[in-house]
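Welcome to this guided tour. Open your viewer, get ready to select residues by number, and follow the stops one after another.

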Amino acid sequence: MKFWITMIVIVGAFLVFVEFGGQKTPATQATKLPTTSLEALVGKQAPDFNLQGLDGKPQSLSSWRGKKVVLFFNEGIICYPACWNQMAALGADKQLNSESVVSASIVPDSKDNWMAAIRKMPELGQGSILFDTSTSVSNEYDVLNLPSSMHKGMKPGHTYVIIDTKGIVRYTKDDPTMGINNSTLNAEVAKIQ
């Protein structure tokens, strides 16, 4: 009889531990750490930049304050057709280019290279293209070594950063499949008040 009482107490204590003792309280729960520095940008002030556009004029992130901003970092001229198709789709999307939203493709090439590409594919010229020829902005956003880059450390791959009206990063995505992500971008932009 004593054996059975001891067993009941042990089993009962075990069940109580499983039910209550194994749970973590909010104070003891581990917070999910970002797996990449790109994810670590979320919630932080986006690094400002000053890059030349197709029209030859400099564009800065700070000049777009008050608007939602979608940045598409990509490998540029050598990334045909995937990056070209996303750039054209981004430029043609009225929701991602409006009074309240600005979209820009950031490429590591020179303006001259893109003028030739636009002659071949005029729809590329509908969007905003910014030239990060030194890759300093790509480096500051830490997009040069992500899974989508086929030229690690030298060129970005296929990476998105969405910034709110106050300059805070709200969403990031690196896409090794190099797809057209307008529907995802529109959905994420719509979440920003």
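**Stop 1: a lysine to begin with**

Select K67. At 29% relative accessibility, K67 counts as partly exposed, because that value falls between the 20% limit for buried and the 50% limit for exposed. Before you move on, please keep in mind that this is a predicted model. K67 sits in the loop between β2 (58-60) and β3.

Which residues does K67 touch, if you skip those up to four places away in sequence? Show S98, E99, S100, V102, I163, D164 and T165, and you have them. Pick E99 out of that group: its backbone oxygen is 3.4 Å from a polar atom of the K67 side chain. Then pick D164, which is 97 residues from K67 in sequence, while the two C-alpha atoms are 6.9 Å apart in space.

**Stop 2: the whole protein**

Now zoom out and colour by secondary structure. You should find six helices and seven strands. Walking from the N terminus, the order of the elements is α-α-β-β-β-α-β-α-β-α-β-β-α. The protein has 193 residues, and 43% of them count as buried.

Contacts between residues with a separation of 6 or more tell you about the fold as well: 65% of them involve residues 24 or more positions apart. If you switch on the surface, you are looking at about 10,800 Å² of exposed area, with carbon and sulfur atoms supplying 59% of it.

**Stop 3: strand β5 and its partners**

Select residues 128-131, which form strand β5. How many bridges join strand β1 to β5? Add residues 50-53, strand β1, to see the pairing: there are two bridges, and these strands run antiparallel. One place to look is Q52, whose bridge partner in β5 is F131.

Next, add residues 101-107, strand β4. Four bridges join β4 to β5, and this time the strands run parallel. Look for V107 here, since F131 is its bridge partner in β5. F131 is thus named as partner of Q52 and of V107.

Now show residues 111-120, helix α4. Together, β4, α4 and β5 make a right-handed β-α-β unit. While you have strands on screen, here is a rule to remember: in a regular strand the side chains alternate between the two faces of the sheet.

**Stop 4: aromatic rings**

Show the side chains of the aromatic residues. The structure holds five aromatic pairs. Start with F72 and Y160: their ring centres are 5.0 Å apart and their planes are at 20 degrees, so this pair is stacked. F72 lies in strand β3 (residues 68-74) and Y160 in strand β6 (residues 158-163), so the pair ties together parts 88 residues apart in sequence.

Are these two rings' residues buried or exposed? F72 has 0% relative accessibility and counts as buried, and Y160 is buried with a relative accessible area of 0%.

Move along to F73 and Y141. These rings form a tilted pair, 5.2 Å from centre to centre with 45 degrees between the planes. F73 is in strand β3, while Y141 is in the loop between α5 (136-140) and β6, so this pair ties together parts 68 residues apart in sequence. Both F73 and Y141 are buried.

Finally, select Y80, W84 and W114, which ring pairs link into a cluster.

**Stop 5: a cis peptide bond**

Stay at Y80 and follow the backbone to P81. The peptide bond from Y80 to P81 is cis, with omega near 5 degrees. P81 is in the loop between β3 and α3 (82-92).

**Stop 6: two positive phi angles**

Select T135, in the loop between β5 and α5. T135 is not a glycine, yet it has a positive phi of about 55 degrees. With a relative accessible area of 15%, T135 is buried.

Then select D142, in the loop between α5 and β6. D142 is not a glycine either, and has a positive phi of about 55 degrees. At 31% relative accessibility, D142 counts as partly exposed.

**Last stop: N181**

Select N181, in the loop between β7 (169-174) and α6 (182-191). At 9% relative accessibility, N181 counts as buried. What is N181 in contact with, leaving aside its neighbours within four places in sequence? Show Q86, H158, Y160, K173 and D175 to see these contacts. Y160 is a residue you have met before, in the stacked pair with F72.

Notes. Residues numbered from 1 in each chain as written. Predicted model: local features only at pLDDT ≥ 70, side-chain atom pairs only at ≥ 80, totals over all residues. Heavy atoms only, no water. Buried < 20%, exposed > 50% of the residue type's maximum accessible area, 1.4 Å probe, protein only. Contact = heavy atoms within 4.5 Å. Areas by Shrake-Rupley, 256 points an atom, 1.4 Å probe, with all protein chains shown as cover. Pairing = 2+ DSSP bridges. Right-handed = clockwise from strand over helix to strand, strands pointing away. Phe/Tyr/Trp six-rings, centres within 6.5 Å; stacked < 30°, edge-to-face > 60°. Polar contact = N/O pair within 3.5 Å; in protein donor to acceptor, adjacent residues only side chain to side chain.
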